[in-house]
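Work through the following exercises with the sequence and the coordinates at hand. Each task is followed by a solution that proceeds step by step.

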Amino acid sequence: QGDGNVGIGTTGPDNKLTVNGDANIANGNGLIIGHTAQVTFWSTVLAATSIPELQVLGTADADSTIGLGAWTSDAQGPQLSFIKSRNTTIGSSTIVNSGDNLGYILSLGDDGTDFQTPASAISFNVDGTPGANDMPGRIVFLTTLDGQASLTERMRIDNAGNVGIGTSTFGTSAAGVLALFNGTVPSTSPADTVQLFSTDIS
């Protein structure tokens, strides 16, 4: 129209491009917000570099932040969901296996040479044999040690509610158990702090 705005599905576009209706970007193509080209990331799941199809890239807090908002007259808030299937056709179903990764949140930092060194991650996995309406799960928290370039598991919560810090092993039939692996005895005790650690004294 006269102000240069373009409308698809509408005769009154409010911005440079206004789309009234569903939009589709074909598989294998990407959407980049804030830049002219895609940036190469590191995928811990693939153990290789990866170029995500959807990228939000910016030079300030506001234009490098993704916001989800819900305005509804009920108790529900916005939701971030991951779906994993072993079927290779989108929308079709093949059951996942125990140990399969269902979703991953990964943080990467610029190390002066590239943006492919992970610092920390949260992994969501199948934690047992799944079946119809049966999906046992676990959450794993990982960090990278100073001087290293790869992630190490630090804590997990398994399908039975067991929490392991430094260990992924629990006793037979354990449920709701906190397990600590042998740690390094702290040399100081900060004020107003309780420090828990495990050590082998045998």
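Helices (H or I, at least four residues) and strands (E, at least two) are DSSP runs, numbered from the N terminus. The structure is a predicted model, in which local features need pLDDT of at least 70 and side-chain atom pairs count only at pLDDT 80 or more, whereas totals for chains, interfaces and linings use all residues. Residues are numbered from 1 along each chain as its sequence is written, and side-chain values use heavy atoms, with hydrogens and water left out.

**Exercise 1.** Determine the strand order of the open sheet of 6 strands, and explain why strand 7 and strand 12 each have one side without a neighbour.

Step 1: Pairing requires that DSSP finds at least two bridges between two strands. The order that results is 7-8-9-10-11-12, with mixed pairing.
Step 2: Strand 7 (101–109) and strand 12 (178–180) stand at the edges, and because each has a single partner strand, one side of each lacks a neighbour in the sheet.
Step 3: From one strand to the next, the twist averages 20 degrees, where axes are lines fitted to C-alpha atoms (for helices over the stretch in contact) and angles run from 0 to 180 degrees between N-to-C directions.

**Exercise 2.** Describe how strand 10 is joined to strand 9 and to strand 11.

Step 1: Strand 9 (residues 137–144) and strand 10 (residues 151–157) run antiparallel and are joined by 6 bridges, with Thr144 standing opposite Leu151.
Step 2: The hairpin of these two strands has 6 residues between them, and Gly147 takes a positive phi near 90 degrees there.
Step 3: Strand 10 also runs antiparallel to strand 11 (residues 163–165), through 3 bridges, and Arg156 has Gly164 in strand 11 as its bridge partner.
Step 4: This second hairpin has 5 residues between its strands, with Gly161 in the turn at a positive phi of about 85 degrees.

**Exercise 3.** Classify Pro130, Asp127 and Asn133 as buried or exposed, and describe their setting.

Step 1: The cut-offs are under 20% relative accessible area for buried and over 50% for exposed, with partly exposed in between (1.4 Å probe, protein chains only).
Step 2: Pro130 is found in the loop between strand 8 and strand 9; its relative accessibility is 12%, so Pro130 counts as buried. The C-alpha atoms of Pro130 and Ser98 are separated by 6.8 Å, although the two are 32 residues apart along the chain.
Step 3: Asp127, found in the loop between strand 8 and strand 9, has a relative accessible area of 15% and is therefore buried. The side chain of Asp127 makes a polar contact of 2.8 Å with that of Asn159; such a contact is a pair of N or O atoms within 3.5 Å, where within protein one must be able to donate a hydrogen and the other to accept it, and residues adjacent in sequence count only if both atoms are side-chain atoms.
Step 4: Asn133 lies in the loop between strand 8 (117–126) and strand 9 and, at 89% relative accessibility, is exposed. Asn133 has a positive phi of about 55 degrees although it is not a glycine.

**Exercise 4.** Which is buried and which is exposed, Gln55 or Asp192?

Step 1: Gln55 is found in strand 6 and is buried, because its relative accessible area is 2%. A polar atom of the Gln55 side chain lies 2.8 Å from the backbone nitrogen of Val39.
Step 2: Asp192, in the segment after strand 12, has a relative accessible area of 86% and is therefore exposed. The phi of Asp192 is near 60 degrees, a positive value in a residue other than glycine.
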